[in-house]
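Colleague: I should like to go through the terms applied to this structure and ask what justifies each of them. Please show it first.

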Amino acid sequence: MKNLWLFDEKRIAILQELLKCDSARGCDIRDLLKIKKALLSHHLSLLRNRGLISEERRGREKFYRIRREKRSFVKKVVSVVK
């Protein structure tokens, strides 16, 4: 029950998108999910602070990816929700 925070519709959608690619820009995720920047930032922060995703800055852009060691866990979570 300690991972209930993860079962949020937007967080699952973010993880699904990140599973499809190596990394994604925050603005691309925002546009795809059609959510406000502040809300996306909140969800990404939670996922990052819990160790599921990492953030890399390239110039002015931030790229997000699922941490390699958490990829199988994320796949299981997403498959349960589908």
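Modeller: The discussion below takes the terms one by one, and it concerns a predicted model.

Colleague: What makes valine 80 count as exposed?

Modeller: Valine 80 lies in helix H4, which covers residues 71-81. Its relative accessible area is 62%. Because the term exposed applies over 50%, valine 80 is exposed.

Colleague: Which residues form a nonpolar patch on the surface?

Modeller: The patch consists of Phe7, Val80 and Val81, and together they have about 270 Å² of accessible area. Membership requires over 30% relative accessible area and no salt bridge, with nonpolar side chains joined within 5 Å. For valine 80, the relative accessible area is 62%, and therefore the requirement of over 30% is met.

Colleague: How far apart are valine 80 and isoleucine 14 in sequence and in space?

Modeller: In sequence, 66 residues separate valine 80 from isoleucine 14, and in space the distance is 15 Å, C-alpha to C-alpha.

Colleague: Why are H1 and H2 called oblique to each other?

Modeller: Helix H1 (residues 9-20) packs with helix H2 (residues 26-33) at an angle of about 120°, and their axes are 11 Å apart. Roughly perpendicular covers 65 to 115 degrees, and roughly antiparallel begins over 145. The angle of about 120° falls in neither class, so H1 and H2 are oblique to each other. Their crossing is right-handed.

Colleague: Why does the term oblique also apply to H1 and H4?

Modeller: For H1 and H4 the packing angle is about 125°, with the axes 10 Å apart. This angle is likewise outside 65 to 115 degrees and not over 145, and therefore H1 and H4 are oblique to each other. The crossing in which H1 passes H4 is left-handed.

Colleague: How do you know that lysine 20 and glutamate 17 meet in a salt bridge?

Modeller: The N to O distance between their side chains is 3.1 Å. The criterion is a side-chain nitrogen of Lys or Arg within 4 Å of a carboxyl oxygen of Asp or Glu, so the pair qualifies as a salt bridge. Lysine 20 and glutamate 17 are separated by about one helical turn, because they are three residues apart in helix H1. Lysine 20 has a relative accessible area of 63% and is therefore exposed.

Colleague: What ties together parts that are 43 residues apart in sequence?

Modeller: The side chains of aspartate 22 and arginine 65 meet in a salt bridge of 3.3 Å, N to O. Aspartate 22 is in the loop between H1 and strand S1 (24-25), whereas arginine 65 is in strand S3 (residues 61-66), so this pair ties those parts together.

Colleague: Why is aspartate 22 called exposed, and why is arginine 65 called partly exposed?

Modeller: Exposed requires over 50% and buried under 20%, with partly exposed in between. Aspartate 22, with a relative accessible area of 53%, is therefore exposed. Arginine 65, at 26%, is therefore partly exposed.

Colleague: What makes the contact of glutamate 69 with arginine 67 a salt bridge?

Modeller: Their side chains meet at 2.7 Å, N to O, and this is within 4 Å, so the criterion is satisfied. Glutamate 69 is exposed at 52% relative accessible area, while arginine 67 is partly exposed at 34%. Elsewhere, salt bridges with shared partners join Arg25, Asp28 and Glu61 into one network.

Colleague: How many salt bridges does the structure hold?

Modeller: The structure holds nine salt bridges.

Notes. Residues numbered from 1 in each chain as written. Predicted model: local features only at pLDDT ≥ 70, side-chain atom pairs only at ≥ 80, totals over all residues. Heavy atoms only, no water. Patch = residues over 30% accessible without salt bridge, like charges linked within 9 Å, V, L, I, M, F, W, Y side chains within 5 Å. Areas by Shrake-Rupley, 256 points an atom, 1.4 Å probe, with all protein chains shown as cover. Helix = DSSP H or I, 4+ residues; strand = E, 2+ residues; numbered from the N terminus. Buried < 20%, exposed > 50% of the residue type's maximum accessible area, 1.4 Å probe, protein only. Axes fitted to C-alpha atoms, helices over the stretch in contact; angles between N-to-C directions. Parallel < 35°, antiparallel > 145°, perpendicular 65-115°, else oblique. Left-handed = near helix turned anticlockwise from the far one by under 90°.
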